[in-house]
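Trainee: Could you show me how to read salt bridges in a structure? I would like the general idea and then a worked case.

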Amino acid sequence: RNFIKNTALVAAGAALLPKGSLFASPKKIERLGVQLYSVRDAMSKDPKGSLQKIADMGYQHVEHANYINRKFYGYDPKDFKKLLADMNLLMPSGHTGMTPGDWDDSKKDFTDKWKYTVEDAATVGQRYVISPWLDNNVIKDMDKLKKAMEQFNKSGELCKQHGMQFG
């Protein structure tokens, strides 16, 4: 009896819902991007050609996984932004590993290396700076982990100054 009564109540309630709200159809994906790490071998050999192939396939967004010595795949930030723009590509995010060595305890501030990382990310048009991993010795030690989380919070503040978010 309870089953029948509850089923009737659910059916009556469902009938009052606006049409289409009971079974939502999946939304069309508006933006689809490529994490360039997935094509890292091609990017290391021919960044421009690889990006062109990605653009030709219809992608509009990429996420970098190569920032070394203030360069994205060998290009300085302004040149890389232009390269992307010429192919109608955007790079809203990127992976750049932040380590404990990017914080200078004596200055209670980030090293120039990390400041440049955030500055260059803003220059190229990123909205998100992502540090994709933590070293195993950090995640196995509670004190090191807490220190890393403080550093992440401070990186969030630094990114915010440049109009971005940190993750």
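**Reading the salt bridges**

Mentor: Happy to! Before we start, keep in mind that this is a predicted model. Let's begin with the overall picture.

Trainee: How many helices and strands are there in the protein chain?

Mentor: The protein chain has seven helices and nine strands. It has 167 residues, and 29% of them count as buried. The accessible surface is about 11600 Å², with 54% of that belonging to carbon and sulfur atoms.

Trainee: And what share of the contacts with a separation of 6 or more comes from residues 24 or more positions apart?

Mentor: Such residues account for 71% of those contacts in the protein chain.

Trainee: Now to the charged pairs. How do I recognise a salt bridge?

Mentor: Look for a side-chain nitrogen of Lys or Arg within 4 Å of a carboxyl oxygen of Asp or Glu. By this rule, the count here is six salt bridges.

Trainee: Which residue meets Arg70 in a salt bridge at 2.8 Å?

Mentor: That is Asp120, whose side chain meets that of Arg70 with 2.8 Å from N to O. This pair links distant parts of the chain, as the two residues are 50 apart. Asp120 sits in helix 5 (residues 112-124), while Arg70 lies in the loop between strand 3 (67-68) and strand 4 (71-72).

Trainee: Are the two partners buried or exposed?

Mentor: It helps to take them one by one. Asp120 has 3% relative accessibility, so it counts as buried, the cut-off being under 20%. Arg70 has a relative accessible area of 33% and is therefore partly exposed.

Trainee: What about a pair within one helix? How far apart are Lys82 and Asp86?

Mentor: They are four residues apart in helix 4 (residues 77-86), which means that about one helical turn separates them. Their side chains meet in a salt bridge with an N to O distance of 2.9 Å. Asp86 counts as exposed because its relative accessible area is 53%, and the cut-off for exposed is over 50%.

Trainee: Which residue does Lys115 pair with?

Mentor: Lys115 forms a salt bridge with Asp109, at 2.8 Å from N to O between the side chains. Lys115 is partly exposed at 30% relative accessibility, and Asp109 is also partly exposed, at 29%.

Trainee: Which residues are joined into one network by salt bridges that share partners?

Mentor: Those are Arg70, Glu119 and Asp120. You have already met two of them, Arg70 and Asp120, as a salt-bridged pair.

Definitions and conventions
Residues numbered from 1 in each chain as written. Predicted model: local features only at pLDDT ≥ 70, side-chain atom pairs only at ≥ 80, totals over all residues. Heavy atoms only, no water. Buried < 20%, exposed > 50% of the residue type's maximum accessible area, 1.4 Å probe, protein only. Contact = heavy atoms within 4.5 Å. Areas by Shrake-Rupley, 256 points an atom, 1.4 Å probe, with all protein chains shown as cover.
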